[in-house]
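Here's a quick tour of the two chains in front of you. We'll start with a surface feature, then step back to the overall picture and finish with a few single residues.

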Amino acid sequence: MNRLRRILGSDLLWSFTRSPGAMIAATVAFGLCLCALFAPLIAPQNPFDLASLDLMDARDPPVWLSGGDHRFLLGSDSQGRDILSAIFFGARISIGVSLASVALALVIGVSLGLVAGYFGGRVEAIVMRAADVQLTFPAILTALLINGAARAVLGPGRVAGSEFWVLVISIGLSFWVQYARTVRASTLVERHKDYVAAARLIGASAPRIMFTHVLPNVLGPVLVIATINLALAIITEATLSFLGVGLPPSQPSLGTLVRTGNDYLMSGEWWIVFFPGVALAALALSVNIIGDWLRDALNPRLR
Amino acid sequence: MLHYVLKRIGGAILVLVVVALIAFVLFRFVGDPINQMVGQDVSVADRERLRQMLGLDDSIVVQLARFLWNALHFDFGVSYQFKEKVTTLVAARFPATFELSLAASIFAIVVGIPVGAYTGIRPKALMSRAFMALSLIGVSLPTFLIGILLIYVFAVRLQWLPSYGRGETVQIGFWRTGFLTKSGLAALVMPSITLGLFQLTLIARLVRAEMLEVMRADFIRFARARGLSERAVNFRHALKNTLVPVVTIIGLQIGSIVAFSIITETVFQWPGMGLLFITSVQNADIPVMAAYLMMVAIIFVTINLTVDLLYLAIDPRIRLGSAQA
């Protein structure tokens, strides 16, 4: 109860109700997440159930155009799959990959940043040098390289089934640098504070001090970076899937839907690519706006 | 000053060495190169002979030294998927990527700077607000969606422009150019807009921010007081002073244009290095990946180093700072 009151009375909520952009974005993102979460319950059709697909229904236009079928609100694809259901399930996979890869980047980056900032010396030098080298390249390129290496390790043909984790690892490993740098910078400040000295005096071990005492004090900026990174991860996942090195058509994310739909663009069946594209853009844009708003609300200096 | 220069050059060399080591590890330990090169029906004895021929049974140190030596000559061996020398493959694809990146950069600069200057001079104007809203959408949209949208509107609906390929090209020496034919130029339009759009928003936003800053400065007020025309104040005095950071960003962005050309080349089936790279990732073609990695690293490191050294010429604080150290 007390906590609820604190949330209701907070600056954050006040700032939220004052920014219509953030409210619209949050509604869109929340709605898409709900659709993704409850996809099996609310989708008109299970796009993975091959028995329910009928090639006779293939390439039906959206319901408001002539030739549209009331069962396929946004039309159907080349296999008679309902586009709307495919979007629900695709968003589920896209959001899943993005959340998992941001979590992975967060764990790696925060741990390395804490260790580098707390111990300093050679550990710090190595971690920060690695960060410098990786920062030389755009994240999408790093993700592509890790992806290619993972394919070579698994061997051709054995990637099937593990694409989800290959993606999570390649995106996660290409986003850790920013967390490591931020956390290191704050840890450098925190480690000289009295509470750390006190914890050391009562004999707490280094990992205990780092993870239970310092960590909560350096997490603020990390959450903002994580939100903005989530939008980036959604776009990176979609891009990798679009490039054909992400999720396969049998387990499509929004990016894969755009990739497969793209083949029908030339013959004029625009809805197969258009609606998944709109869903993807809405998801990325709304998460981006929330991230921007969060950054401004939590850190007025950055405005 | 010498200390600063040496440190930057040292850092650049370090990046290149690390990337070369990663490329070597990829090449040597990720999957068995022999298995990737030959079919399943090749006998064990033949495999061993190939292994000896390629020097894959030498010690790791010897192999590493040979790899680095070859990399210095840009020799990365034979592509697994095309059975051709990687150098030949990359050299054939390089002009396409270069011309696309050049066109995209020119588009981004020629449109981005005026738009940024306009929105900076008139931040409250309707056009400026519209641009700022559009640019947020532009930054959040994945590149490939923009490309697909352009293809649908201009190739499928209006049929003004071709949707894929380079059009007709002309061979001049080793260089295959699309700049000299009408269809080559038409094919260049949509890919360069797609590739340049992100840089355009970046440049415009930067010019806008710098202009807003400069317009408040005393020397602008003084220029107005002297009775100079609006045009002279805005362009001769204000815009000129924003250009140093803008040139820096443009320089640094050349690297990401090369990287993002992978996506644009896939959307438009543009036969450049990016398309070659993406097929090599799909097929785990390590020699091509290693060569692309080294090439991109060289481009990035050279640009970063140039920008750092240019700063040395522009910003006296760096010179003084290192003199004291």
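## A greasy patch on chain B

A patch here is built from residues with over 30% relative accessible area and no salt bridge, and nonpolar side chains are joined into one when they lie within 5 Å. Keep in mind that this is a predicted model.

With that in hand, chain B has a nonpolar patch on its surface made of B:Phe98, B:Leu102, B:Ile106, B:Val110, B:Val111, B:Ile172, B:Phe179, B:Leu180 and B:Leu185. Together these residues offer about 770 Å² of accessible area. Which helix gives the largest share of the patch? That would be α5 of chain B, running over residues 86–121, with five residues.

B:Leu185 is another member of the patch, and this leucine sits in helix α8 (residues 182–215) of chain B. Its relative accessibility is 41%. Partly exposed covers the range between 20% and 50%, so B:Leu185 counts as partly exposed. The 41% also clears the patch cut-off of over 30%.

## Chain B as a whole

Zooming out, chain B carries 13 helices and two strands. Its C-alpha trace spans about 85 × 65 × 35 Å along the principal axes. Of the 325 residues in chain B, 46% are buried. Take the contacts in chain B between residues at least 6 apart in sequence: 68% of them join residues at least 24 apart.

On the outside, chain B exposes about 16,700 Å², and 67% of that is supplied by carbon and sulfur atoms. As for charge, there are 28 positive and 18 negative side chains in chain B. How far apart are the centres of the two sets? They lie 15 Å apart.

## Chain A as a whole

Chain A comes to 13 helices and zero strands, so if you read along its sequence you get α-α-α-α-α-α-α-α-α-α-α-α-α. Half the chain, 50% of its 303 residues, counts as buried. Among contacts in chain A with a separation of 6 or more, 70% are between residues 24 or more positions apart.

The accessible surface of chain A is about 14,500 Å². Carbon and sulfur atoms account for 66% of that area.

## Two glutamines with positive phi

Some backbone background first: most residues other than glycine have a negative phi. Chain B has a couple of residues worth a look on that count.

B:Gln159 isn't a glycine, yet its phi is positive at about 55 degrees. You'll find B:Gln159 in the loop between α7 (143–157) and β1 (170–172) of chain B. Is B:Gln159 buried or exposed? With a relative accessibility of 61%, this glutamine counts as exposed, because the cut-off for that class is over 50%.

B:Gln269 also has a positive phi without being a glycine, this time of about 45 degrees. Its place is the loop of chain B between α10 (230–267) and α11 (273–282). The relative accessible area of B:Gln269 is 43%, so this residue is partly exposed.

## A buried glutamate in chain A

Over in chain A, A:Glu190 belongs to helix α9, which covers residues 176–190. Its relative accessible area is 10%, and since buried means under 20%, A:Glu190 is buried.

What does A:Glu190 touch, not counting residues up to four places away in sequence? The list is A:Tyr195, A:Val196, A:Val214, A:Asn217 and A:Val218.

Note on methods. Residues numbered from 1 in each chain as written. Chains lettered and ligands numbered in written order. Predicted model: local features only at pLDDT ≥ 70, side-chain atom pairs only at ≥ 80, totals over all residues. Heavy atoms only, no water. Helix = DSSP H or I, 4+ residues; strand = E, 2+ residues; numbered from the N terminus. Buried < 20%, exposed > 50% of the residue type's maximum accessible area, 1.4 Å probe, protein only. Contact = heavy atoms within 4.5 Å. Areas by Shrake-Rupley, 256 points an atom, 1.4 Å probe, with all protein chains shown as cover. Lys, Arg positive; Asp, Glu negative; His and termini not counted. Charge placed at Lys NZ, Arg CZ, Asp CG, Glu CD. Patch = residues over 30% accessible without salt bridge, like charges linked within 9 Å, V, L, I, M, F, W, Y side chains within 5 Å. Salt bridge = Lys/Arg side-chain N within 4 Å of Asp/Glu carboxyl O.
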